[in-house]
Amino acid sequence: MSIAATGLPSVHETVALWRPVEHPCPSCANPEMSVFYEAGSMPAHSVLLLPSREAALAYPRGEMVLGFCNGCGFVTNLKFDPALNEYGSRYEETQGFSPTFREFNRGVAERLILRHGLRGRTVLEIGCGKGEFLALLCELGVGRGIGFDPAFLEDRLQSSARDRLTFVTELYSEKHANVEADFICCKMTLEHIHDTARLVKAVRRAIGNRGTRTFFQVPNARYVLRDLAFWDVYYEHCSYFSAGSLARLFRSCGFRVLDVAVEYGGQYLTIDAAPDEDASTACASAAEEAVAEVRADAEYFAASVPASIARWRAMLAEMAGAGTRVVLWGGGSKAVAFLNTLDIRREVEYAVDINPFKAGTFLAGTGQQVVPPEFLKEFRPGVVVLMNPIYRQEVEQTLEHMNVAARVITVLDVRPAGAASSRDRLQSV
């Protein structure tokens with residue numbers, strides 16, 4: 001199927017939607033970027049534990065304007081203001097209550113220990129969150145773990161390796177360069193950093209002449225662009241990487257790329273790298289796409305996402321008009337971006353989340369209350385909109401166990417009329 005056959009604008013027709021602006025790329029310093037998506041005003045944070053609907057509706061907002069770099073393929077929020085950041089004790093980012101995620105996380109930990117020979121060694125984690133992954137590494141054989149994150153909470157971590165773990169409740173920065181480790185990892189944090197090259201260069205300088213290897217995990221920008229995933233565009237995520245732009249960044253900062261991979265149903269990118277001052281001249285790996293490929297994805301997103309947003313608004317309005325009770329499953333960033341982009345309040349009353357620390361809090365910007373799964377036994381929704389399709393089996397089993405006969409719709413189940421899936425679309429171009 002061609003793009004034209006879907007009734008959507010072709011890639012060539014979307015070029016006019018782009019607006020070049022003078023803005024240096026934070027990843028490669030190219031002096032110009034191209035605006036391709038404006039989401040307007042969005043809550044500055046989306047996983048804070050907000051205690052009331054009033055606090056949620058009044059939470060500070062920032063502008064979302066995505067720009068594309070024609071030099072390296074990096075995507076960033078050109079209007080990002082780090083002064084709006086609030087990383088601290090009420091930042092609730094963990095996915096560790098999901099069996100699906102825990103299984104994935106364990107697989108990553110086991111792979112890193114084996115691949116990089118980490119048994120008995122010291123690992124430093126940048127952006128360790130509540131410390132679960134670092135603790136898991138130590139439980140599986142790592143000798144010592146050092147974690148940096150202002151959102152770490154001492155009373156939340158239960159681990160048999162606790163005496164081998166040290167946590168610093170600060171953002172990692174140049175002042176911590178004297179903290180030595182045999183391995184540095186950073187999971188789902190680089191996308192929160194606007195000046196991406198600055199952080200990666202800081203890590204490289206901290207390593208110095210040692211052979212310390214690194215592992216970074218970030219969301220996959222091509223997954224967002226190809227699947228019109230506007231619910232994955234939110235203020236905390238100011239930086240969006242493809243495999244190519246991620247690898248190019250690391251090579252430019254003095255790292256040799258050992259491996260780049262797509263994981264977790266296509267949602268995540270991972271990169272393993274080692275210090276190498278001559279790496280900037282290295283050839284790209286087979287996993288790295290050309291800049292033009294990512295630009296085509298961004299052009300498709302720019303042309304097609306308005307129709308996707310309109311379709312969701314119409315469908316939810318129709319359900320509300322018919323008296324169908326709708327809840328979202330997932331009370332985190334995706335839900336906040338989804339509801340705020342659609343400007344949905346009354347059509348969806350609640351967001352469900354298995355994280356017990358979120359229960360009774362409210363979503364920033366639109367004010368829906370977060371409730372535990374057991375709430376649905378009494379509420380009896382007709383439709384559950386699942387914010388992350390990878391959890392479909394887990395969620396459907398939970399609903400069946402509670403005898404809740406709601407229809408489950410994932411965010412990828414609703415597309416503009418005639419639009420092919422992202423993978424079908426790419427194969428047909």
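1. The largest nonpolar core of this predicted model has 62 residues. Those touching the most other members are F36, Y37, F230, W312, L316, L328 and F338. At least two residues of this core come from each of β2 (32-43), β3 (61-68), α5 (221-226), α7 (291-321), β13 (326-329), α8 (333-342) and β16 (383-386). The largest share, 12 residues, is supplied by α7.

2. W312 is worth following through the model. Apart from its neighbours within four places in sequence, W312 is in contact with F230, W231, F338, L342, V385, I409, T410, V411 and V414. A second core, separate from the one above, has 43 residues, among them L136, L137, Y264 and L399.

3. In soluble globular proteins, nonpolar side chains tend to be buried together. On the surface, however, F97, I354 and F357 make a nonpolar patch of about 230 Å². One of these residues, I354, is placed in the loop between β14 (350-352) and β15 (369-371). I354 counts as partly exposed because its relative accessibility is 30%, and the partly exposed class lies between 20% and 50%.

4. Two residues that are not glycines deserve a look at the backbone. M188, in the loop between β8 (183-187) and α4 (196-207), has a positive phi of about 55°. R380 also has a positive phi, of about 50°, and lies in the loop between α9 (376-379) and β16. With a relative accessible area of 40%, R380 is partly exposed.

How values were computed. Residues numbered from 1 in each chain as written. Predicted model: local features only at pLDDT ≥ 70, side-chain atom pairs only at ≥ 80, totals over all residues. Heavy atoms only, no water. Patch = residues over 30% accessible without salt bridge, like charges linked within 9 Å, V, L, I, M, F, W, Y side chains within 5 Å. Areas by Shrake-Rupley, 256 points an atom, 1.4 Å probe, with all protein chains shown as cover. Salt bridge = Lys/Arg side-chain N within 4 Å of Asp/Glu carboxyl O. Helix = DSSP H or I, 4+ residues; strand = E, 2+ residues; numbered from the N terminus. Buried < 20%, exposed > 50% of the residue type's maximum accessible area, 1.4 Å probe, protein only. Core = buried A, V, L, I, M, F, W, Y, C linked by side-chain atoms within 4.5 Å. Contact = heavy atoms within 4.5 Å.
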